[in-house]
Amino acid sequence: MTADAAEALEVITGSSRFEASAEKSTIAHAAQELSGGSGAPGTVDGDVCRIHTPVGTPEVELRITWLRSDGTPAGDPAPKFTVLPMGERALTATDGAVIRFACRSAKLTGSAPAHVDIGVERGGMPTEPEGDPDELKDAYATVAHSFSLAMAKELGCENDGGLEPRPSLDPASR
């Protein structure tokens with residue numbers, strides 16, 4: 001995870017410390033699942049990891065997921081989302097973000113590029129997000145970008161799946 005993503009997690013959760021994740025909650029394990037039989041197009045989703053605030057503090061859970069899709073994004077996003085210029089499609093809101101990137105890699109089956117979505121969403125019962133809406137949108141997009149770039153690198157995607165080293169948070173540059 002990038003330093004920017006660590007700061008973004010603090011914006012989202014209000015904490016700079018987190019509980020240890022399960023041993024299999026890694027990008028490497030998620031990439032292995034995605035590139036194996038369970039990563040065939042149309043898979044509902046798989047978990048990368050879940051991020052929890054420390055015991056004894058207000059409980060916040062973030063769920064980081066992956067999805068291997070059949071094709072490029074189609075249709076307009078829900079009104080709550082802001083479209084950002086990252087990957088094939090990047091959407092962010094005050095309670096989550098998703099980035100889709102195309103990946104051509106020897107680790108993935110098929111001659112066409114795979115389309116991979118990495119999502120970040122708040123777990124638990126839905127609550128109204130607290131904080132500055134623009135800051136929350138940027139924070140969720142930054143975390144989604146960090147995990148997307150790490151997944152693209154782990155999968156060995158050509159050109160890192162078209163993802164830049166830093167997130168593009170300006171919707172006007174689309």
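The exercises below concern the fold and the salt bridges of a predicted model.

**Exercise 1.** Determine which order of helices and strands the protein chain follows, and how its radius of gyration stands against the globule rule.

*Solution.* Begin with the inventory, which gives three helices and six strands for the protein chain. Reading along the sequence then yields the pattern α-α-β-β-β-β-β-β-α. The radius of gyration is 15 Å, close to the 16 Å that the globule rule gives for 174 residues, so the chain is as compact as a globular protein of that length.

**Exercise 2.** Find which residue forms a salt bridge with aspartate 4, and work out which parts of the chain the pair ties together.

*Solution.* The partner is arginine 166, the closest N and O atoms being 2.5 Å apart, which satisfies the cut-off of 4 Å. Because aspartate 4 belongs to helix α1 (residues 3-13) while arginine 166 sits in the segment after α3 (133-155), the pair ties together parts that are 162 residues apart in sequence. As for accessibility, aspartate 4 is partly exposed at 28%, whereas arginine 166, at 55%, is exposed.

**Exercise 3.** Establish which strands are tied together by the salt bridge between arginine 63 and glutamate 121, and which residues are linked with them in a network.

*Solution.* The closest N and O atoms of arginine 63 and glutamate 121 are 3.9 Å apart. Arginine 63 lies in strand β2 (residues 61-69) and glutamate 121 in strand β6 (residues 114-122), so the pair ties together parts 58 residues apart in sequence. Finally, the network of salt bridges links Asp47, Arg50, Glu61, Arg63 and Glu121.

How values were computed. Residues are numbered from 1 along each chain as its sequence is written. This is a predicted model: local features need pLDDT of at least 70, side-chain atom pairs count only at pLDDT 80 or more; totals for chains, interfaces and linings use all residues. Side-chain values use heavy atoms; hydrogens and water are left out. Helices (H or I, at least four residues) and strands (E, at least two) are DSSP runs, numbered from the N terminus. The radius of gyration is taken over C-alpha atoms; the globule rule is 2.2 Å times the number of residues to the power 0.38. A salt bridge is a side-chain nitrogen of Lys or Arg within 4 Å of a carboxyl oxygen of Asp or Glu. Buried means under 20% relative accessible area, exposed over 50%, partly exposed in between (1.4 Å probe, protein chains only).
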